[in-house]
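Where does this protein leave empty space, and where does it pack its nonpolar side chains? Take a look at the structure first, then read on.

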Amino acid sequence: ELVRLRRHFHENPELGFEEFRTSAHIADLMEGLGLEVRRSVAKTGVVALLRGGKPGKTVAIRADIDALPVQELNDVPYKSKTPGKMHACGHDVHITAAIGAAMLLAQHRENLAGNVKFLFQPAEEGPGGAEPMIQDGALENPKVDAIIGGHVWGSLDSGVVEVLPGPIMASSDIIRLTIHGKGGHAAQPHTTIDPIVIGSEIVGALQKIVSRQTDPTEAAVISICLFRAGDTFNVIPNSAYLEGTVRTLNNTLRQEIPKKIDSVIRGVTEPYGATYELDYYFGYPVTVNDPGITESVRQSAAKILGAENVRTAARASMGAEDFAYFLLAVPGTYIRVGVRNAAKGITHDMHHPQFDVDEDVLASLPVIYAQAALDLLNASR
């Protein structure tokens, strides 16, 4: 049943805040299980509450529901039916696993000491639906005491789960920089203030923030990924525009880096007589797992997979996740779920047009979520 359900979501992907059919189907299924359902939370989100038969706390399980603007290249019976859109990040699995956990737990609601709330969140891939869901009361009535989330992991073998206390995903911030110089003829560069040369120096100089101004035991990334200037081969333009991203695993460092970036840019532009406009946007925060809840979920997963298949991750990822907003509001944990299976030809990582998952994970991930919720509720009695 879960394989069929996952394939339905995979065939019908919708982008962030456009998940109207997806969320309607989810809501119908959860109502069919007898859960209390709120639709249109933060536009296209769904909150479904399973009330236990005994008093207790409330644990939330979160699943993101949006797809990516990727043209699927897989040749499979359940290939995306929507050109240019694909569940290339495995959110179809996340949805299905949360529904599967609800199917299991709903059978035991009379013995459930507390509540389990299922949060089906839109727009994780951007602009982010977690914060709007929180603002729309997703963590209230009843108040959520702990939260569990997870992500399929394309580089991790199927049947393996990784946990990590503390930071597991980086913050994600955006640099937008316009350099104002003075254009002119390419044969007379001395009469210009060349924003391309200046921008090129800035790209190199920004890397020294990581290599020479940041503690080498701290993780940080500054990547300039867009550089736009000029219209033809023999004219130096008046301006150049750059965009990039900054990633950190430390909130203190995260607050320091914009000041260092501004200082570097000023130091490069001023000697040339150029000016600049820097727009620094703080995006998703660092995803920080609660150590106690992480250990509880590790033990729960070990009951299902065996202790040898539940590992402590070697390192955090410099990717970002808006699950971080939930963890700022409520203690919880975010796990990695292996879906790679070389024997089945499933080897591509997330966001690749041939990304796929070993569907055997659907026999274990819903059970892990259900077990983890039960164990957290029982421990709080």
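The second largest pocket is lined by Glu125, Gly126, Pro127, Ser172, Asp173, Ile174, Thr245, Arg247, Tyr281, Gly283, Tyr284 and Ala320. The model shown is a predicted one. Three strands each supply at least two residues of that lining: S8 (172-180), S12 (239-248) and S13 (275-284). By class, five lining residues are nonpolar, four are polar and three are charged.

Now the largest pocket. Its lining counts 17 residues. Nearest its centre lie Cys89, Met169, Gly319, Ala320 and His351. Ala320 also appears in the lining of the second largest pocket. Strand S5 (residues 146-157) gives the most to the lining of the largest pocket, namely three residues.

There is closed space too. The count comes to one cavity of 30 Å³ or more. Gly159, Val160, Val161, Leu305, Val337, Gly338, Val361 and Ser364 line this largest cavity. No charged residue is found in that lining.

The table sets the three spaces side by side.

| Space | Volume | Nonpolar | Polar | Charged |
|---|---|---|---|---|
| Largest pocket | about 370 Å³ | seven residues | six residues | four residues |
| Second largest pocket | about 160 Å³ | five residues | four residues | three residues |
| Largest cavity | about 30 Å³ | five residues | three residues | no residues |

Next, the packed interior. In soluble globular proteins, nonpolar side chains tend to be buried together. Here the largest nonpolar core holds 59 residues. Ile26, Met30, Phe118 and Phe120 touch the most other members. Helix H3 (residues 91-106) provides the largest share of this core, with nine residues. Another core lies apart from it. That one has 25 residues, including Leu119, Ala130, Met133 and Trp153.

What does Met30 touch, leaving out residues up to four places away in sequence? The list is Leu35, Val37, Ala48, Ile99, Ala102, Phe118 and Phe120. Phe118 and Phe120 are themselves among the residues that touch the most other members of the largest core.

Last comes helix H9. This helix covers residues 365-379, 15 residues in total. At 1.5 Å a residue it should span 21 Å, and its end C-alpha atoms are 21 Å apart, so the two agree. Its buried residues are Leu365, Pro366, Ile368, Tyr369, Ala370, Ala372, Ala373, Asp375, Leu376 and Leu377.

Terms used. Residues are numbered from 1 along each chain as its sequence is written. This is a predicted model: local features need pLDDT of at least 70, side-chain atom pairs count only at pLDDT 80 or more; totals for chains, interfaces and linings use all residues. Side-chain values use heavy atoms; hydrogens and water are left out. Helices (H or I, at least four residues) and strands (E, at least two) are DSSP runs, numbered from the N terminus. The expected span of a helix is 1.5 Å times one less than its number of residues. Buried means under 20% relative accessible area, exposed over 50%, partly exposed in between (1.4 Å probe, protein chains only). On a 1 Å grid over the protein atoms alone, a cavity is a set of points where a 1.4 Å probe fits but cannot get out, and a pocket is an open set with protein on both sides within 12 Å along at least five of seven lines; lining residues have an atom within 4 Å of a point. Grid points are joined across faces, edges and corners, and a volume is the space filled by probe spheres set on the points. Ala, Val, Leu, Ile, Met, Phe, Trp, Tyr, Cys and Pro count as nonpolar, Asp, Glu, Lys and Arg as charged, and the others, Gly among them, as polar. A nonpolar core is a set of buried Ala, Val, Leu, Ile, Met, Phe, Trp, Tyr and Cys residues joined through side-chain atoms within 4.5 Å. Contact means heavy atoms within 4.5 Å.
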